[in-house]
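The exercises below ask you to read a fold step by step, with the sequence and the coordinates open beside the text. Try each task before reading its solution.

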Amino acid sequence: MSNFRKLPIETLKKELDRYKFKQLHIHHTWKPTHRNFKGNNHTAMQQSMYNYHVNTNKWSNIAQHLTLFPDGIWLTGRPFGVSPASISGWNSGALCVEMIGNFDKPGSQPYNSLGYDELEGEQKRQILLLMKYFIDKYGENSIKFHKEGPGVGKTCPGTSLNKYAMLQEAKNISNTVNKPIKKEEAVKVEVKVDITKPSKWAKEEWEQAIKEGITDGTNPKGIPTREQVVSMIMRSRK
Ligand SMILES: [Zn+2]
């Protein structure tokens, strides 16, 4: 029986810390694709991959350690301590990730009746976060796309993915959630600070500066440009 668990990236990283890996293997499923994902059928999709790998392929377990869904949810598969059925010759010490989707560029590969997908949004952010974990811990050479494996004739994880670009993005990714600021929130932040009145501690000097013509006295809490700073310095020297 299978016992798949949903793990947020921080919990996942803590679990991975208990193991030592040589490589991170990145795949796309090709089939199923994003169209098979309905927003709540993570476990059912994972179970059908499990059934295919065990009953049809006669493997001991689902091939991958982790499946990454289009909404950025991670689901566990094979236990982390057991070698995956990932890249022939490189399986020992590898962590195998299957991203749900067909990331081949349209027209570049045999037609997939379920269509092409784009790696984007939370699914992309999550794989970058896991790549970052491997880069920091094991170096960027530990990250392998399936197609790089010895004698592999596949395009997996898809011709639309540029490994070099993804490595750069992974190195620069921040761990904080990228929540866009809502308009109301942004406005609230702006009105909190009244830039038209000087602080108590600066009031005296501010007024003196106005008298001496160093500043015209507008927006004491505004941010000056370099040219404004230089003008004020030059005026104070006259
Ligand atoms: Zn693959």
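Domain bounds, as used here, come from an automatic or database domain assignment. The structure is a predicted model, in which local features need pLDDT of at least 70 and side-chain atom pairs count only at pLDDT 80 or more, while totals for chains, interfaces and linings use all residues. Residues are numbered from 1 along each chain as its sequence is written.

**Exercise 1. State which domains the assignment gives and what distance separates their centres.**

Solution. Begin with the bounds: the assignment of the chain gives domain 1 (6-186) and domain 2 (200-236). Then take the centres over C-alpha atoms, which places domain 1 and domain 2 at a separation of 55 Å.

**Exercise 2. Compare the span of helix H2 with its expected length, and work out how its buried and exposed residues are arranged.**

Solution. Helices (H or I, at least four residues) and strands (E, at least two) are DSSP runs, numbered from the N terminus. The expected span of a helix is 1.5 Å times one less than its number of residues. For the 15 residues of H2 (residues 42-56) this gives 21 Å, and the end C-alpha atoms are 21 Å apart, so the two values agree.

Next, sort the residues by burial: a residue is buried if 20 or more other C-beta atoms lie within 10 Å of its own, exposed if 12 or fewer, and partly exposed in between, with C-beta atoms placed from the backbone. By this count, the buried residues of H2 are His-42, Gln-46, Met-49 and Tyr-50. Seen down the helix axis, these buried residues fall within an arc of 100 degrees (the arc of the directions from the axis to the C-beta atoms), so they line one face of H2. The general rule is that an α-helix has 3.6 residues a turn, so residues three or four places apart point the same way. On the face turned away from the buried side, H2 carries the exposed residues Ala-44, Asn-51, Asn-55 and Thr-56.

Finally, look at the cover and at the end of the helix. Two residues are in contact if their C-beta atoms, placed from the backbone, lie within 7 Å. The cover over the buried residues of H2 includes strand S2 (66-68) and strand S3 (74-76). Just after H2, Lys-58 adopts a positive phi of about 60 degrees.

**Exercise 3. Trace how strand S1 pairs with S4 and S5, and how S2 pairs with S4.**

Solution. Two strands pair if DSSP finds at least two bridges between them. S1 and S4 meet this in the parallel sense over six bridges, with Leu-24 opposite Leu-95 in S4 and His-27 opposite Glu-98 in S4. S1 also pairs in the parallel sense with S5, over three bridges, where His-25 stands opposite Lys-144. S2 and S4 run parallel and are joined by three bridges, Leu-66 having Val-97 in S4 as its bridge partner.

Now add burial. Six of the six residues of S1 are buried; Gln-23, His-25 and His-27 point one way, whereas Leu-24, Ile-26 and His-28 point the other way. In S4, five of its six residues are buried.

**Exercise 4. Identify the residues with the most contacts in the largest nonpolar core, and the elements that supply it.**

Solution. A nonpolar core is a set of buried Ala, Val, Leu, Ile, Met, Phe, Trp, Tyr and Cys residues joined through C-beta atoms within 7 Å. The largest one has 30 residues, of which Leu-24, Leu-68, Val-97, Ile-127, Leu-130 and Met-131 touch the most other members. Helix H1 (9-16), strand S1 (23-28), H2, S2, S3, S4, H3 and strand S5 (143-145) each supply at least two residues of this core. H3 gives the largest share, six residues. Leaving aside residues up to four places away in sequence, Met-131 touches Leu-24, Ile-143, Met-166, Leu-167 and Ala-170.

**Exercise 5. Decide whether Ile-100 and Lys-14 are buried or exposed.**

Solution. Ile-100 lies in the loop between strand S4 (94-99) and helix H3 (121-138), and counts as buried because it has 26 C-beta neighbours inside 10 Å. Beyond residues up to four places away in sequence, its contacts include Thr-29, Phe-37, Met-45 and Leu-68. Lys-14 has its place in helix H1 and is exposed, because 11 other C-beta atoms lie within 10 Å.
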